[in-house]
Amino acid sequence: MQENSKSVTMGLFERVKKKIKFRVREGTDLESEILNIIAGPIYLYTILSTWVLLMFEVIPYFYISNRFLHKSFITAVLFEMMGNWLSMMYVSNKFSPGLAQERCVNDTNNSKNSNNGMLLQTEVASVANKQRLYWYWRPCLSCNISRPPRCYHCPMCYTCILKRDHHCFFARTCIGLNNQRHFIVFLVWASLGTTYASLHFIYYFLTVYWSHVSILDVFAPFTLIRWIFGYSSLYLTHTMLTATFLIFFVFLSTTFLINQVELITKGITTFESKVIDRGKIKVTDRRNLNDKIKAVFGSYWALNLLVPLHLKFRPVEDPLNWPSIKIS
Ligand SMILES: [Zn+2]
Ligand SMILES: [Zn+2]
């Protein structure tokens with residue numbers, strides 16, 4: 001009987017181990033896989049519980065005459081954040097060889113390389129300047145295709161991403177050519193909304209909770225431990241966890257927003273900003289600022305702040321040939 005239960009446990013353990021091994025895909029690691037699973041639910045938990053706390057506890061406490069205005073504002077922010085978060089997930093940046101063929105037929109200027117833009121092995125050998133190699137088409141051994149400049153394979157999305165910027169764990173997808181606009185608009189609203197909510201939460205905590213709670217409750221992990229041992233309530237633990245994640249999101253969204261604005265003004269990607277920092281390569285976009293913004297948001301770019309317009313106004317960009325980019 002004991003032997004039998006031991007073998008069942010071992011079998012279960014092997015199955016879990018196999019599953020974990022399966023989840024850790026090639027080119028990534030366990031930490032990234034775990035982050036890819038937990039970041040989205042943490043985001044949803046924080047945003048939704050923040051909205052509920054603001055709507056039914058904090059705003060009614062602070063405001064009487066203009067309560068409706070504040071409630072409308074936070075609801076609008078929630079809609080904008082959720083709309084752009086979903087758009088980030090479902091607007092595809094996938095590169096398909098069909099796109100290259102289509103562009104090749106239409107684009108008569110695409111005569112830089114005769115083999116559909118792909119650099120031949122002999123040419124690779126003859127190009128002494130390694131910096132220039134960055135700008136040629138390269139093979140992707142995972143997808144078995146050749147991919148254009150700025151297109152990279154993501155081991156988490158398991159596909160080649162056009163103008164890959166980075167993999168966003170909160171949306172479980174890569175930020176690239178078509179969804180960078182949603183990422184930036186999301187950051188604008190997230191930065192504004194989380195700052196508004198954090199300031200209200202801090203003031204509310206100091207006026208309502210401060211005299212009733214232990215100093216240890218200010219730090220969410222301690223509140224969690226105190227709740228487990230019965231020293232604080234589940235509601236307080238939930239409030240403190242929300243507040244902690246919220247303050248983390250203020251820093252995260254604001255930092256990313258500043259970084260993305262800087263990248264747009266320079267016309268480069270996150271990856272390029274790193275190699276530029278290391279002095280390896282210089283990428284210059286010769287367009288003016290308005291055209292650089294249109295390259296991300298499409299025409300009438302300011303409207304994107306209110307409505308997702310990816311279907312109507314595509315990014316004004318050639319993601320295969322990048323004619324305005326100069327590499328040195
Ligand atoms: Zn690939
Ligand atoms: Zn990805």
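**Close-ups of a predicted model**

**View 1. Cys174, a buried zinc donor.** With a relative accessibility of 0%, Cys174 counts as buried in this predicted model. Cys157 is another story: its relative accessibility is 24%, so this cysteine counts as partly exposed. The cut-off between the two classes sits at 20% relative accessible area. The two cysteines are 17 residues apart, and the pair links distant parts of the chain. Cys174 belongs to strand S6 (residues 173-175), while Cys157 sits in the loop between strand S3 (152-154) and strand S4 (159-161).

**View 2. The zinc ion (ligand 2) and its donors.** Which atoms hold the zinc ion (ligand 2)? The SG atoms of Cys154, Cys157 and Cys174 coordinate it, together with ND1 of His167, at 2.1 to 2.3 Å. The angles among the four donor atoms run from 98 to 117°, and the site is tetrahedral. For reference, the ideal angle for four tetrahedral donors is 109.5 degrees. Read along the sequence, the donor spacing is C-x2-C-x9-H-x6-C.

**View 3. The largest cavity, between helices.** Rolling a probe the size of a water molecule over the atoms shows where empty space is left. Here there are three cavities of 30 Å³ or more, and the largest has a volume of about 140 Å³. Its lining has 14 residues, with Thr50, Leu54, Val77, Met81 and Gly193 closest to the centre. Helix H2 (30-62), helix H3 (67-90) and helix H7 (180-209) each give two or more residues to this lining. H3 provides the largest share, five residues. Sorted by class, the lining comes out as eleven nonpolar and three polar residues, with no charged ones.

**View 4. The second largest cavity, with charged residues in its lining.** This cavity holds about 80 Å³ of space. Of the 13 residues that line it, Lys163, Gly267, Ile268, Lys292 and Val296 lie nearest the centre. At least two lining residues come from each of helix H9 (234-266) and helix H11 (289-297); H11 gives the most, with three. What classes of residue make up the lining of the second largest cavity? Six are charged, five nonpolar and two polar.

**View 5. The second largest pocket, lined without charged residues.** About 350 Å³ of space lies in this pocket. The lining takes in 21 residues, and those nearest the centre are Cys168, Phe170, Phe249, Leu252 and Phe256. H2, strand S5 (166-168), H7 and H9 each give two or more residues to the lining. By class the lining of the second largest pocket splits into 17 nonpolar and four polar residues, and none is charged.

**View 6. Leu306, in the loop after H11.** Leu306 lies in the loop between H11 and strand S8 (325-327). Its relative accessible area is 56%, so Leu306 counts as exposed. Along the chain Leu306 and Glu80 are 226 residues apart, yet their C-alpha atoms are separated by 7.2 Å.

**View 7. Transmembrane regions from the UniProt record.** The unreviewed UniProt entry places the feature "transmembrane region" at residues 42-64, 183-203, 209-229 and 241-258. In the model, residues 42-64 are 91% helix and 0% strand, with their end C-alpha atoms 32 Å apart. For residues 209-229 the figures are 48% helix and 0% strand, and the end C-alpha atoms are 20 Å apart.

Methods:
Residues numbered from 1 in each chain as written. Chains lettered and ligands numbered in written order. Predicted model: local features only at pLDDT ≥ 70, side-chain atom pairs only at ≥ 80, totals over all residues. Heavy atoms only, no water. UniProt positions renumbered as here; feature names shortened; annotations may be inferred. Helix = DSSP H or I, 4+ residues; strand = E, 2+ residues; numbered from the N terminus. 1 Å grid on protein atoms, 1.4 Å probe; cavity = no way out; pocket = protein on both sides within 12 Å on 5 of 7 lines; lining within 4 Å. Points joined across faces, edges and corners; volume = space filled by probe spheres on them. Nonpolar A, V, L, I, M, F, W, Y, C, P; charged D, E, K, R; others polar. Donors = N, O, S within 2.8 Å, 3.2 Å for Na, K, Ca; no water. Tetrahedral: all angles 85-135°; square planar, octahedral: opposite > 155°, others 65-115°. Buried < 20%, exposed > 50% of the residue type's maximum accessible area, 1.4 Å probe, protein only.
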